[in-house]
Each structure stands twice: as structure tokens, then as C-alpha cells.
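Subject: Handover of a structure

Dear colleague,

I am handing over the structure shown below for your consideration. An account of what was found in it follows.

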Amino acid sequence: MALKLPLPVEFGGVSFLDSSRGSFHPLKVGFPLKRKERGTSLRRACCSMQQAPPPAWPGRAVVEEGRKSWDGPKPISIVGSTGSIGTQTLDIVAENPDKFRVVALAAGSNVTLLADQVKRFNPQLVAVRNEALVDELKEALSDVQHKPEIIPGEQGVIEVARHPDAVSVVTGIVGCAGLKPTVAAIEAGKDIALANKETLIAGGPFVLPLAQKHKVKILPADSEHSAIFQCIQGLPEGALRRIILTASGGAFRDWPVEKLKEVKVADALKHPNWNMGRKITVDSATLFNKGLEVIEAHYLFGADYDNVEIVIHPQSIIHSMVETQDSSVLAQLGWPDMRLPILYTMSWPERIYCSEITWPRLDLCKLGSLTFKAPDNVKYPSMDLAYAAGRAGGTMTGVLSAANEKAVELFLDEKIGYLDIFKVVELTCDAHRKDLVVNPSLEEIIHYDLWARGFAANLNLSSGLSPLLV
């Protein structure tokens, strides 16, 4: 049974648990917050300050001459072609056959959809991660005249990512399963259209230096970071002052804090703006999605954590903003539509014309008004945890992400309560402090991702919040 405790109103910054007390309280570990307006005492925890990896875009986006190396439609490969990102990417390709062509596709287990994609887009190489489904895929493609090469398993996914003809790779695969293919693509000199959060949240300390070494561009495909990327186009060096990430506020943005202890799964899945997958909808309710985006923004654009802020924007029209050194604020606006940021990762630095029929234009007069408010750190303790993990760096950010993923899974299975999500994540991060690796290898990143999931899954929250490993 889920432990029912009042929401930890003292939960500040890095209040990693002292498990001997069995309750939330701020564990003072130094490094007090510089920005008082955030509302609670964020503390830098878990490690001494370390050398940050080189950002993908150090506060500005510069187009290098002579990068185009292909004739005709741009050749791309897609890792995760049957998922949401992959299918939307293929919609863009279908609408713009003169701009893009598919050379390789990789999917997990949706063989029926993958076969349909192969018949429509004629890739040279196909991978299915579930090796047991290879014969089924071959049967589905038996009537295809020009059959693609099929490579099963993880190796097949890697080969798709580093296909020699691909210029850019769309990484739509979910979780740390996307790390190895992304690394393979970078080592092969492919630009990355990044839709896999773990690539930077967990893998940033390893992936970013690798991308710099191979002169590879990492282009963000999620709406918030794409908005920032679009806003920094043409900025001079050193112009970026602050990043402002907008958040819808999720299912509980209008709930009083006291009511959160009553939350049921059905409540958390009622997003006020749109329908999404169950996991991301819960992340929106807890605001863990935005905390993870803070970490990703730090890795992408090199902004200090004190200069990355979250603002609740219920209409979700402004996707994010940047402030320049002279206090100007630049914003990117549009209807919520993942196709636009995906398209920009594929076309950058060009802008491709989009028909009004399939790409509705924004009408501000019709919209009426845009509103904003500061997020409540008591309602959303995920923010303080994310900032703390980000400042810790190294493997801590991957542990935070993996623990949250497992905690959300447990919540959706009704094995823990809503407030327990925060407790599971904090306990897992606290337990990882002694093993934190500041400059991890790829193997260490994957190891601690798996460790965090196992630790979080085996926490005994009904016994004084003490971890009980099985």
C-alpha cells in the first residue's frame, strides 16, 4: 500500500532524504542558491563542481559553410520509425519528397506498421529490435520487389543509425536504448535530430564531447528546446543571458496543494490541453518533464542552472523564450504541433514552406490572451530535485530520469501513490551520491540507468521510507 504522508512543505532544493529520520527535510550540503526568487533554498549537492561538457550550441547557432554534402532530397535514417516521432517524421517526408528521402528505418516490434513504411518509403536497410519478429517482417515484405536488407536486434538499430548514405538521423527511440545508436551515428559523422531525451539527460557528459570531436550537430526536436534553438539563430557570441522554459502546468495546475494526497491515476491522466501518452502526461502533472528539460537546456545551450527558469503558461502557445544581455526577450510561438520542431531539425538552416491546409497558421486575435505564473515549488518538488541533480552532474541526471520513469510506472500500476513518485526519485538520487561518476563512460551511464530502475522498483515505501533491496 502506498504510504500516505502530507506533502513535504519543507522540501527545498536538494532535500535528499535522511533515511534514518524517515521523513522529508532539507539536507544541508552547501552551495546556497544565488537566485532568491525561485522561492526555496536550492542547494548544490552530491559532488564538488566539475568541468561541464561542451554545449551543443554555446548560446548561439552558427551556420557553417560547406556542410551540405548531398545532391537531391536530403537522405535521412529514422531510429524508432513506428513511434510518435518516427511516424510524424515520415509524414513530413511524404509531404516533402523533393526535400527528404529515407535510406534506413529501425523499429522495435510493430512489424505491421514497419512493413507498411518500407513499402511506402523504400529504404535500403531495415532493422527490427525484437529479433523474434524477423521472419514475420520478411513474410510481410514478401511481395516487395526491391527488398531492403534486414538486420535484427540492437546491432541492426545501430547499423540504421550509422547508414553510410544518411546525412541526418532522427532518434525517436525511447529511453537509454537510444544511446548506443546515437553514439554510433555521431561516430559516423551523422547530424542528430534529437528526440531521445536520455541522449543528453543521461548521456550528456559522454555524448557532447564526442559530438564536438566528430563535428556533429545535435538539433533538438522537442518543442521547448527547438523554440530556444530558433530564438538563438544569429545571436552574437555571449549574447544569451537567460532561458525561460514554458510549461502547461499539467493536470494539477489549478489544484490546491492539500488536495494532492487524494490524487488517483485517472486524475493525473487528465491533461487540460491535449491527449498524450500516459507516462508523459504524468510527467506533465508532476512537472518532472520540465525539470528534465532544464537539464537538457543546460547541456544543449550551456546556460548555467541559475539562468534557466520555468514559467507556467497554460495556453502552451509560447514554446519557450530567451533573454539576451540587453534584457530583450525573444519567443517562439505556434500551435502545439510536434511536426514543426521535427521539420526544423531536418531542414535547418533552411525554412520549408508549409501548406495552410495541413499546418494551421497561428491567429493571435482568435486566441485572445496569453497568461503566465510562477510554478509552485511545494506543488512541484520535482523542480528542486532536477536542479539539484543537474548541478551534481555526471551520472546523477541519468539516475534522476531513470528513477522517475520507474516511479511513474509504479504509480500507473497503482503500486504507489502520486506523492510517492517524488519520494522514490529522491531516495534513489540520495542512494547514488556515494557512487556518483562525474565523467562517466557510456557503459557507466547505462549501468547506473539500470541500477536506478532496479533500486526504485525495490524500495519499500511502507517501512519508514527505507530502501529494501531484494
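Please note that this is a predicted model. I begin with the salt bridge between the side chains of R129 and E154, where the distance from N to O is 3.6 Å. This pair links distant parts of the chain, 25 residues apart: R129 belongs to the loop between strand 3 (125-128) and helix 3 (134-140), while E154 belongs to helix 4 (residues 153-161). R129 has a relative accessible area of 29% and is therefore partly exposed. E154 is partly exposed as well, because its relative accessible area is 31%, and the limits for that class are 20% and 50%.

A second salt bridge joins the side chains of E296 and K197, at 3.5 Å from N to O. E296 is found in helix 11 (residues 288-301) and K197 in the loop between strand 6 (191-194) and helix 6 (198-201), so this salt bridge ties together parts that are 99 residues apart in sequence. The two partners may be set side by side: E296 counts as buried, with a relative accessibility of 2%, whereas K197 counts as partly exposed at 23%. Both residues also belong to a network of salt bridges in which K197, D222, E224, K290, E293 and E296 are linked.

A third salt bridge lies within a helix. The side chains of D283 and K279 meet at 2.5 Å, N to O. Both residues are in helix 10 (residues 278-286), four residues apart, which is about one turn of the helix. D283 counts as buried, because its relative accessibility is 2%, while K279 is partly exposed, with a relative accessible area of 30%. The count for the model comes to 24 salt bridges.

I turn next to the sheet. It is an open sheet of seven strands in the order 4-3-2-1-5-6-7, and the pairing is parallel. Which strands stand at its edges? They are strand 4 (149-152) and strand 7 (218-220); each has a single partner strand, so one side of each is left without a neighbour in the sheet. From one strand to the next, the twist averages 25 degrees.

Within this sheet, strand 5 (residues 168-171) and strand 6 run parallel and are joined by four bridges. V170 stands opposite A193 in strand 6. Helix 5 (residues 179-187) packs on the sheet and touches strand 1 (74-79), strand 5 and strand 6. The direction of helix 5 makes about 150 degrees with that of strand 6.

Two further places deserve mention. On the surface, L333, W335, L362 and L364 make a nonpolar patch of about 320 Å². W335 sits in the loop between strand 11 (329-333) and helix 12 (339-347). With a relative accessible area of 33%, W335 is partly exposed.

The other place is S347, which lies in helix 12. Is S347 buried or exposed? S347 counts as buried, because its relative accessibility is 7%, and the class requires a value under 20%. If neighbours within four places in sequence are left aside, S347 is in contact with F100 and I352.

Yours sincerely

Note on methods:
Residues are numbered from 1 along each chain as its sequence is written. This is a predicted model: local features need pLDDT of at least 70, side-chain atom pairs count only at pLDDT 80 or more; totals for chains, interfaces and linings use all residues. Side-chain values use heavy atoms; hydrogens and water are left out. Patches are made of residues with over 30% relative accessible area and no salt bridge: like charges are joined within 9 Å, nonpolar side chains (Val, Leu, Ile, Met, Phe, Trp, Tyr) within 5 Å. Accessible areas come from the Shrake-Rupley method with a 1.4 Å probe; for residues, only the protein chains shown count as cover. A salt bridge is a side-chain nitrogen of Lys or Arg within 4 Å of a carboxyl oxygen of Asp or Glu. Helices (H or I, at least four residues) and strands (E, at least two) are DSSP runs, numbered from the N terminus. Buried means under 20% relative accessible area, exposed over 50%, partly exposed in between (1.4 Å probe, protein chains only). Contact means heavy atoms within 4.5 Å. Two strands pair if DSSP finds at least two bridges between them. Axes are lines fitted to C-alpha atoms, for helices over the stretch in contact, and angles run from 0 to 180 degrees between N-to-C directions.
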